[in-house]
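Colleague: I'm new to this one, so could you walk me slowly through a single part of it? Pick a strand, tell me what sits beside it, and then show me some of the charged contacts.

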Amino acid sequence: MCGIVGYIGYKNAYPIIIKGLKRLEYRGYDSSGIALLNDSTQVYKRKGKVADLEKFVESGDISGTLGMGHTRWATHGEPNDVNAHPHVSMNGIFTIIHNGIIENYSTLKSKLSDRGYTFQSETDTEVLANLIEYIYVKGKVDAELAVRLALTKVIGAYGLVVMCSKEPDKLIAARKSSPLVLGIGDGEYFIASDATPIVEYTDRVIYLNNEDVAIISRDELILKTIRNDKLTPKIQKIDLGISEIEKNGYDHFMLKEIFEQPRSILDTFRGRVSQDKTSIHLGGLFNVEERLINAKRIVIIGCGTSWHAGMVGEYLLEDIARISVEVEYASEFRYRNPLIDKDDIVIAISQSGETADTLAAIQLAKDRGALVLGICNVVGSSISRETHAGVYMHAGPEIGVASTKAFTAQVTVLAMMAAMIGYKKGILEPQRYHALIQELSDIPAKIEKVLLHDKAFKAIAEQYQNATNFLYLGRGYSFPVALEGALKLKEISYIHAEGYPAAEMKHGPIALIDRNMPVVVIATNDKSYEKIVSNIQEVKARNGIVIAIVSEGDKTIKSMADHVLEIPQAMEELTSLLSVIPLQLIAYHIAVLRGCNVDQPRNLAKSVTVE
Ligand code: G6P
């Protein structure tokens, strides 16, 4: 959801903010805006991309060493110039940018209307700006107190930055359930929704906690709670290189991230698989190993692609560690009064570590006494801090909205967990344990081999770019891959696609099959191979077009499918790490050929921090 950037220091704020907005654009991109404080407050906002804002600002006054910017993913009010942030309070005293949702905004709005306030936009953020101003004027308090008091009246989520024209030497930032990071330079401070706009200036950061407020002037940073308890800032070092957040010659971040997977998977298991490839150590789980070994039930929660990875995790943990697993959409879990207690272990999977539904589901599981573990990519994210223990994915920043390398990193972590638990439980024989570790170590090189066939994936994309429906089929470990392949296509090319367990096809989707319907079947060499061959025949009997992902050397399917795409042989438990790659690339090429904005697909956001 929305991206936030702020700067206060001795340099011109505008270039820092506009660059920061570009880095954060993946979070939301329906409109953007900027506010600068020099002799007066300058506000520029525009529907569309940050580039549209940049053009619009060209002839304006962009001086000032203090300012902030916002890139939006609309929740309240359609994306247009007026609803874009920043929002200015009615009398121009406060300017604010906000990520999140003020749930009681209509009550607050009507109270403010009764007191004479008028509103330009349909947003909840403008209500907050006016509430702060009302408290400031009426209570004759300073800006900091006005912000803190206003926030005690707010129900909902916020990551926000506030400027006050009457106190022009400070920025006030606050968070609740929407991430904010402060970067500390020499005589300058940066604020952002994540560290990407900050890394090129400083590696020293502070992650704000829920209900923290930061009062930032050029020479001082004061941190307190909204109830005025003083806090000692905990400065951390971020380990993120600038090259990791640039495209490095690729046309899109998504393509770069797909091609990064051999390296990102290596980074995920580096230091966790012993050099001699005989054991797995997951430091983040050290204190809870005993609980995992004795677990009777694990519930995995996540959203989107992370939920798909969770499904692969279910197969892995049940198959290898013999623990009963349920996989739940976090958004369903949190609202359906689930049976969870202190004997349960919940694993929350999230690339961003900020997904609102997953965070709420974690809270519910914690309240009921469960042990909650996290599998997150973003270091220091809310989920990584809210969980009792966990494993970082170390996949590096994922900027493309359609998740790719995060999926394979999540599956890698889950495979390591399953193997480690199974082995320590005495259920997984040493031979299979060592074979799994060896296979995991071989996966990066095998992915390199799959990537060499990119031309073949592009050729499929060229042939089927105009199809209106796709079906993806898989069985066992390949079923979640079918779901993920369909999701990738939907997300970025806007073609309707469905993932289905191959055997279930007979209970519905088979009715859709005709000579125009491409059916992507993941038919690798595993225990359901014979069955999936029958499913391919069923599709062919109805004149469907079969695009099969098969294991190298397969002859049977070659004779019946319209197209065959080979991937290297691998152990069934880990094949998803290979079979997903062609599906990512086919979706990517189709989207490019259809002229879609691959990295910023319509209506989507990278990190969904609203429920
Ligand atoms: C959004 C993103 C998806 C992602 C999902 C869950 O929908 O567009 O790519 O899979 O959120 O995000 P998380 O950060 O929790 O993995």
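Modeller: Let's start with strand S8, residues 171-176, which is mostly covered: five of its six residues are buried. Buried here means under 20% relative accessible area, exposed means over 50%, and partly exposed is in between, using a 1.4 Å probe and protein chains only. Strands are DSSP runs of E with at least two residues, helices are runs of H or I with at least four, and both are numbered from the N terminus.

Before going on, a word on what you're looking at. This is a predicted model, where local features need pLDDT of at least 70 and side-chain atom pairs count only at pLDDT 80 or more, while totals for chains, interfaces and linings use all residues. Residues are numbered from 1 along each chain as its sequence is written, and side-chain values use heavy atoms, with hydrogens and water left out.

Now for the neighbours of S8. Strand S7, residues 158-164, pairs with S8 in the antiparallel sense over six bridges; two strands pair if DSSP finds at least two bridges between them. To find your place, look for Val161, which stands opposite Ala173 in S8. The link from S7 to S8 is a hairpin of six residues. S8 is also joined to strand S12, residues 212-217, by five bridges, and these two run antiparallel. Here Ile172 has Ile215 in S12 as its bridge partner. As a general point, side chains in a regular strand alternate between the two faces of the sheet.

Next, the charged contacts. A salt bridge is a side-chain nitrogen of Lys or Arg within 4 Å of a carboxyl oxygen of Asp or Glu, and a search of the whole structure finds 34 of them. One is formed by Lys170 and Glu167, whose closest N and O atoms are 2.7 Å apart. Lys170 is partly exposed because its relative accessible area is 22%, whereas Glu167 counts as buried at 16%.

Have a look at helix H5 (143-152) too, since the loop between H5 and S7 is where you'll find Lys153. Within H5, Arg148 and Glu144 are four residues apart, so about one helical turn separates them. They form a salt bridge with closest N and O atoms 3.0 Å apart, and both residues are buried. Lys153, on the other hand, has 45% relative accessibility and therefore counts as partly exposed. Lys153 gathers with Lys111, Arg115, Lys138 and Lys140 in a surface patch of positive charge. Patches of this kind take residues with over 30% relative accessible area and no salt bridge, joining like charges within 9 Å (for nonpolar side chains, namely Val, Leu, Ile, Met, Phe, Trp and Tyr, the limit is 5 Å).

Further along the chain, Lys527 forms a salt bridge with Glu572, and the closest N and O atoms are 3.3 Å apart. Lys527 lies in the loop between strand S23 (518-523) and helix H17 (529-541), and Glu572 in the loop between strand S25 (563-567) and helix H18 (576-593), so the pair ties together parts that are 45 residues apart in sequence. Lys527 is exposed, with a relative accessible area of 66%, but Glu572 counts as buried at 18%.

Finally, try picking out Lys19, Arg23, Glu200 and Glu246, which are linked in a network of salt bridges.

Conventions: Accessible areas come from the Shrake-Rupley method with a 1.4 Å probe; for residues, only the protein chains shown count as cover. Lys and Arg count as positive and Asp and Glu as negative; His and the chain ends are not counted. The place of a charge is taken as NZ of Lys, CZ of Arg, CG of Asp or CD of Glu.
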